[in-house]
Structure formats: structure tokens, C-alpha cells
Amino acid sequence: MKSQGMIKEIFVLRSIGCLSIVFLHSVHAALMTVPIREMGELEAITFDSIQMLLYYGTPMFIFISEFLISYSYRNRDVPPGFLKKRLRFILIPYFVMAVFYSLPFIMQGWESWSLKLVRNIFIGDYHGYFILIIFQFYLFHLYFYRYLKAWSPKIVLPIALIINATYLMIFNFTLPPESLPFSTYVWERFYWIPLFGWIFYFALGFYAGLYYELFIEALKKWRYIIIIGPVLSSIMLLYFYHSGFLSVHSSKRTDILIHTTMLSMFLFYITTRFTRPSPFLVFISQYSFGIYLLHYFFIFLGDAIFRLYPIDIGFSYILVLFVFSIGCSIASIYFLNKWKYGHLVIGKIGVGYVPPK
């Protein structure tokens, strides 16, 4: 199935974001098998830095998600079936995967499993938490898009950035208060879920989609800054991390706001230079939602097999996990979608790219 008039840049951003998340998790899993203590200092710093630079993946998906909605409905009201469609193809697979990723906890007893299941479903206590975030923004868009259209992005974007940065700084630079129930869990994980930690990406995506032509013109006008931006943001990110100023290992770092924005703008600009996106990236984009949900399972499976039958392949093990998890995810998505109800398990295969006529 194909869609007319698709924005080619989105295929690139979605696929790069997806591949970055899988590679990030592959590095993490590989380093658990080959612990940092067994590396030299240079190797340890290198892989630690690679992980840090790849944390832009999830925030980029927030930007992409809102960009597409804003662009699609910029000249018309949001249709009545807006939420119903997304409940079916996005939220139901989230629930299915929440159950799926809770199953290993059965071995720890009924109480541990039931607690993990409730946490997975209601507070996103697995890597699918991203879906709870975008559903908050679906509702936010539905009820506030008329106001956002009327307001100037020159006012909304700085305010959104301040709210987002302030929210993240609270959790990045303070300790959990002892008087607050479950404060440690809130500070370590739950603060990821409320939309305040992502609202700048939403606002940026909204106005980029709403004023798409002006957005592209701005990228071309400021192209030299856009090109050098990811280099500068990477240097800043690594300096803050390795200096100990901000040691959080997460996509919820305050400085990731700048890093993700720079990379998103860079990828957008570079893609405008081509007549059509790479077929490989389009293919990955079509399977990206399912890959996002399934890849962690196949990384764990591949790692478990490797631990049973270890082979000394060094750090190329990262690439083995990366390719294995993507390949198995794509195969699973393909065959599940052959089943009538497969899309309820893992989502639909996305549309292909057709250039505007």
C-alpha cells in the first residue's frame, strides 16, 4: 500500500531513529556480555560515548509523530476517527507487547509478574513507554491544535523549550525527596512518561508540519549552521557527560533537547538535497514501529543463544546483535501481518514512498 504526497524527509528520520535505537540497545547488551572492565580505557570511553550520542532516537520519534499529524491536517480539522484508528493500530499492540515483555517475570512468582504487568500497561515500565507519550500528544493535539495554529511559533517554541528543559533539569540535577512515596522510581523512570519531558519536540514538529514550506526555506537559509550543528551538539553532549557535569545515561538528558533538534534538522536538510529517499531507508521506515516493539526481545534472545554457545568475535558481536534483531523483527512483522489479526499484535506495515505529482 502506498501513499501519495508523502514527505520524503520523514522516511529518513524515522528509519535513522529506528536504527539508532536498535544499535544503542545492541551496544548496551553486548557490553553486558563483554563488560567494560575487560576493555581498555579507550574502548570503554568510545562505546560509552557512542551510546550517549544515540539517545536522540526516541525524541526524534516524538518530533516525527507530531510533524505528520500537523502536516496532514494543516488545512482541515482532525477527522472523527482520529483516535479510534490509532487505538487500534498503535495502542492495542502496546498492550499486547506489555503482556509479552512481562512474561519472564512469571518465573519470579505470581505477585512479581502481576506487578510487572500492571506497571508495563499503565506506566510504561518497558521500552514501549514511548507509545504512552505519543498518545498524550494525540490528545493534546486534538484539543489544542486550533489554539496552536492561532499562536505564533516565535512565542510557543521558546516557552515549550523552557518548560521542557526545566522539567528535565529537575530530575537530572536533583535527588528524589525522601518524603515523596516511590520517589526513587519517579526520579529513575516514571518522569519519562508525562508529556512535559517531550513537549518541545511536539511543538517543533507541530510548527514544522504546519508551515512545511517555510520550514524547508529556513533550513536552506541557515544550512551552514544546520550542517555544523550536530558536530557542535555532539561535542557539547560528550563534554557535559565525561566532565561529570551531567552524568545521566538516558534520552531524557536536558542537553539531548539540543542534540536531537540539531540532528533532526540536519537529516531534514540533507534529504531535501535528494529527489527521493533511499529504498533501504524506506523499507526500514515501513517496519519501524514493529521493529521498535520487537527488537529488544530478539536482542535478548540472540544474547541468550550466544551465552550458551559463545564465540570469541570481540566487539563485532554488537553488529551480530544489531543485524539479528532487525532481521528477526522484520520477518516476524511480515508473517504476523499475513494473519488477519496480526496488526493487533505488532502494528501494520507502513506505507511506501511515492513522490508528489
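The sulfur of Cys 328 lies 14 Å from the closest cysteine sulfur, that of Cys 18, which is too far for a bond. The model is a predicted one, in which local features need pLDDT of at least 70 and side-chain atom pairs count only at pLDDT 80 or more, while totals for chains, interfaces and linings use all residues. Residues are numbered from 1 along each chain as its sequence is written, and side-chain values use heavy atoms, with hydrogens and water left out.

The structure holds zero disulfides, a disulfide being a pair of cysteine sulfur atoms within 2.5 Å. Cys 18 is buried, at 3% relative accessibility, whereas Cys 328, with a relative accessible area of 23%, is partly exposed (buried means under 20% relative accessible area, exposed over 50%, and partly exposed in between, with a 1.4 Å probe and protein chains only).

From the cysteines we turn to the second largest pocket, which holds about 1,100 Å³ of space. Of the 43 residues that line this pocket, the closest to its centre are His 25, His 127, Arg 189, Tyr 296 and Phe 300. A pocket here is an open set of points, on a 1 Å grid over the protein atoms alone, where a 1.4 Å probe fits, with protein on both sides within 12 Å along at least five of seven lines, and lining residues have an atom within 4 Å of a point. The volume is the space filled by probe spheres set on the points, which are joined across faces, edges and corners.

Among the helices that each supply at least two residues of this lining are H1 (8-33) and H7 (153-173), while H13 gives the most, with eight residues; helices are DSSP runs (H or I, at least four residues), numbered from the N terminus.
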